[in-house]
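Student: Could you take me through one part of this model at close range? I'd like the open sheet and whatever packs or sits around it, told as one connected story.

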Amino acid sequence: QVQLVESGGGLVQAGGSLRLSCKASRTIFVRITAKEWYRQAPGKQRELVAAVTTGGNTNYHDSVKGRFTISDDNARNAVSLQMDSLEPEDTAVYYCKLTRTDGLIYWGQGTQVTVSS
């Protein structure tokens, strides 16, 4: 049963923008304490890109600070990642991760982001 649905990936030229969205059912979303985006490039480990807590605190990987923005869209049961000034080094599969108050973790299916130079 698919519980998280990611969208928004694609192919873009360097300097361009993409917006990723991760949507969950309301039943899941109301019990989430942390919302995160990870990425995994070929041959590399998965790394944390951005995070937002229910308190509104945000955290970013140093390489994306000032270019990426994570936002909570409670009305749509979604969390988004706005990616601007994209670089070829941002090419990866992007995953959303939601952590429930009791520690249960949900992962999205992943969406490919490819940035051409």
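Tutor: Let's start with a term: a nonpolar core is a set of buried Ala, Val, Leu, Ile, Met, Phe, Trp, Tyr and Cys residues joined through side-chain atoms within 4.5 Å. Keep in mind that this is a predicted model. The largest such core here has 29 residues, and those touching the most other members are Trp37, Phe68, Ile70, Leu81, Met83, Tyr94 and Leu98. Two or more residues each come from β3 (18-24), α1 (26-29), β4 (32-40), β5 (47-53), β7, β8, β9 and β11 (111-116). As a general background, nonpolar side chains tend to be buried together in soluble globular proteins.

Now to the sheet itself. Four strands make up an open sheet, ordered β1-β3-β8-β7, with antiparallel pairing. The edges belong to β1 (4-7) and β7 (68-73): each has a single partner strand, so one side of each is left without a neighbour in the sheet. On average, and ignoring direction, neighbouring strands of this sheet are turned by 15° against each other.

Let's walk across from the β1 edge. β1 pairs with β3 in the antiparallel sense over four bridges, and one spot to look at is Leu4, whose bridge partner in β3 is Ala24. β3 itself is mostly covered, with five of its seven residues buried. Next, β3 and β8 run antiparallel to one another over six bridges, with Leu18 standing opposite Met83 in β8. That Met83 is one of the core residues listed above as touching the most other members.

One more step takes us to the other edge. β7 and β8 (residues 78-83) are antiparallel too, paired over six bridges. Here Ile70 stands opposite Leu81 in β8, and both of these belong to that list of core residues with the most contacts to other members. Right beside them in sequence, Ser71 stands opposite Ser80 in β8. The general rule to have in mind is that in a regular strand the side chains alternate between the two faces of the sheet.

The turn joining these two strands is worth a pause. The hairpin of β7 and β8 has four residues between the strands, and Asn77 takes a positive phi near 55° there. Most residues other than glycine have a negative phi, which makes this one worth a look. Asn77 counts as buried, at 11% relative accessibility. Arg76 is found in that loop between β7 and β8 as well, but this residue is partly exposed, with a relative accessible area of 39%. Leaving out residues up to four places away in sequence, Arg76 touches Ser21 and Lys23. The C-alpha atoms of Arg76 and Arg26 are separated by 8.5 Å, though the two are 50 residues apart along the chain. There's another positive phi in a residue other than glycine at Ser85, near 50°. Ser85 sits in the loop between β8 and β9 and is partly exposed at 41% relative accessibility.

Past that loop, look at Tyr94, another name from the core list. Leaving aside neighbours within four places in sequence, Tyr94 is in contact with a long set of residues, including Leu20, Trp37, Phe68, Leu81, Met83 and Val113. Among the other contacts of Tyr94 are Glu6, Tyr38 and Arg39.

Next along the chain comes Tyr95, which brings us to the rings. The structure holds two aromatic pairs. For Tyr95 and Trp107, the ring centres are 6.4 Å apart and the planes stand at 85°, so the pair is edge-to-face. Tyr95 lies in β9 (residues 92-100) and Trp107 in β10 (residues 105-107), so the pair ties together parts that are 12 residues apart in sequence. Tyr95 is buried, with a relative accessible area of 15%, whereas Trp107 is partly exposed at 37%. Ring pairs link Tyr38, Tyr95 and Trp107 into a cluster. Then there's Arg46: its charged end sits over the ring of Tyr95, 3.8 Å from the centre, and also over the ring of Trp107, 4.8 Å from the centre.

One last stop is the loop between β9 and β10, where Asp102 lies. Asp102 counts as partly exposed at 46% relative accessibility. From C-alpha to C-alpha, Asp102 and Arg31 are 8.5 Å apart in space, with their places 71 residues apart in sequence.

Note on methods. Residues are numbered from 1 along each chain as its sequence is written. This is a predicted model: local features need pLDDT of at least 70, side-chain atom pairs count only at pLDDT 80 or more; totals for chains, interfaces and linings use all residues. Side-chain values use heavy atoms; hydrogens and water are left out. Two strands pair if DSSP finds at least two bridges between them. Axes are lines fitted to C-alpha atoms, for helices over the stretch in contact, and angles run from 0 to 180 degrees between N-to-C directions. Rings of Phe, Tyr and Trp (its six-membered ring) pair if their centres lie within 6.5 Å; planes under 30 degrees apart count as stacked, over 60 as edge-to-face and the rest as tilted. Buried means under 20% relative accessible area, exposed over 50%, partly exposed in between (1.4 Å probe, protein chains only). A charge sits over a ring if NZ of Lys or CZ of Arg is within 6 Å of the ring centre and within 35 degrees of the ring normal. Contact means heavy atoms within 4.5 Å.
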